[in-house]
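Open the model in your viewer and keep the selection tool at hand. The stops below go from one selection to the next.

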Amino acid sequence: MSGSSWMTIPSWCPRYIQPQNPTENLTSVSEFFLLGLSDDPELQPLLCILFLSTYLVTVLGNLLIIQAVTSDPHLHTPMYFFLSTLSLADIGFISTTVPKMIVNILTHSRVISCEGCLTQMSIFILFGGMDCTLLTAMAYDRFVAICHPLHYMAIMNPHLCGFLVLVSFLVSLLESQVHNLIVLQLTCFKDVEISNFFCDPSLLLDLSCSDMVTNNIVMYFVGTIFGFLPLSGIFFSYYKILSSILRIPSTGGKYKAFSTCGSHLAVVCLFYGTSLGVYLISAISQPPRKDVTASVVYTVVTPMLNPFIYSLRNRDIKRAMWKLLSKILSS
């Protein structure tokens, strides 16, 4: 991944730290230090087991959803197509950060090269951006299904679904490259310690010697374009959905209509509530170590909970998963 054509890593490293004493020589920077979640040595084995278990559950759960949607013809619909794509993005999202953290714990090392840091940051933003845009596409899908049910299959045709996924990837790739270009402009760093367990782009900018006013403006602008615009699309879709549901005369009809959106709405609140909070707060000031917990929620917990949220609340998914598990066990 680090040698791909869309990342020009070698020209960026090494950079330099601005010395505290003006008489000191500038020190070459070839690596950063990830402070992780805890400095307590006794907690490291527990953290390793916990995050390894979480990672395996996340990957297996999302793979199971992908396989269930693929193998069951009844699930070959736009809603489940977006769900399986979201599961694939979640696997990539959590695989960007957790394996590196587990390796660091096992090797008793918190070092990451500047090339590795930029690579991790780029892939993290790519899959995180895909999560945001796919959740927006899923909200639009629910809007069409509830507000225009008679034209649902005509509007949400395979060409439009494929186009929305392609746009999701391209927009996320653009966001990743915008962050890359910003970081590549940095000439020096005040510190090499990143107060998180991965190369968070906002924290990396906080270490810069550059003018923080400019950094904050850039952070808010990028956050608005790639964060609040998709969220605005979700809010608009649910405004229309709620308006349509309230016009349904029967209570049972209202519950049935809104129940199809419950899982998606839970994931949106969990993901956006934590990720945007951490992103914007870190643009103002360096967060304390305890705030790393919020990063764990949207980078680790949310991808793990997605399969459970969607499978436990969806009878079609549960039926397809049980059928798949039965086939696997009987073979």
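**Starting at the sheet**

Select E31 and look across to β4, where S113 stands opposite E31. Keep in mind throughout that this is a predicted model.

Next, add F32: its opposite residue in β4 is I112. Now select the whole of β3, residues 31-34; three bridges join β3 to β4, and the two strands run antiparallel.

Turn to the other neighbour of β3. Select F33, whose bridge partner in β6 is E193. Here the pairing of β3 with β6 is in the parallel sense, over two bridges.

Show β3, β4 and β6 together. The three strands make an open sheet in the order β4-β3-β6, and the pairing is mixed. Its edge strands are β4 (111-113) and β6 (193-194), each of which pairs on one side only. As background, the strands of a sheet pair through backbone hydrogen bonds, in either a parallel or an antiparallel way.

**Side chains along β3**

Display the side chains of β3. Which of them point to one face and are buried? They are F32 and L34, while E31 and F33 point to the other face and are not buried. The side chains therefore alternate along the strand, with buried standing for under 20% relative accessible area.

**The helix across the sheet**

Select α3, residues 114-147. This helix lies across β3, β4 and β6, and runs at about 85° to β4.

**The loop before β4**

Select H108, in the loop between α2 (78-107) and β4. Check the backbone here: phi of H108 is near 55°, a positive value in a residue other than glycine. Is the residue buried or exposed? H108 has a relative accessible area of 72%, and it counts as exposed because that is over the 50% cut-off.

**A nonpolar patch on the surface**

Move to α1, residues 44-71, and select L56, which sits in this helix. Add L52, L60 and L63 to the selection: with L56 they form a nonpolar patch on the surface. Together the four leucines have about 370 Å² of accessible area.

Go back to L56 alone. Its relative accessible area is 44%. L56 is classed as partly exposed because this value falls between the 20% limit for buried and the 50% limit for exposed.

How values were computed: Residues are numbered from 1 along each chain as its sequence is written. This is a predicted model: local features need pLDDT of at least 70, side-chain atom pairs count only at pLDDT 80 or more; totals for chains, interfaces and linings use all residues. Side-chain values use heavy atoms; hydrogens and water are left out. Two strands pair if DSSP finds at least two bridges between them. Helices (H or I, at least four residues) and strands (E, at least two) are DSSP runs, numbered from the N terminus. Contact means heavy atoms within 4.5 Å. Axes are lines fitted to C-alpha atoms, for helices over the stretch in contact, and angles run from 0 to 180 degrees between N-to-C directions. Patches are made of residues with over 30% relative accessible area and no salt bridge: like charges are joined within 9 Å, nonpolar side chains (Val, Leu, Ile, Met, Phe, Trp, Tyr) within 5 Å. Accessible areas come from the Shrake-Rupley method with a 1.4 Å probe; for residues, only the protein chains shown count as cover. A salt bridge is a side-chain nitrogen of Lys or Arg within 4 Å of a carboxyl oxygen of Asp or Glu. Buried means under 20% relative accessible area, exposed over 50%, partly exposed in between (1.4 Å probe, protein chains only).
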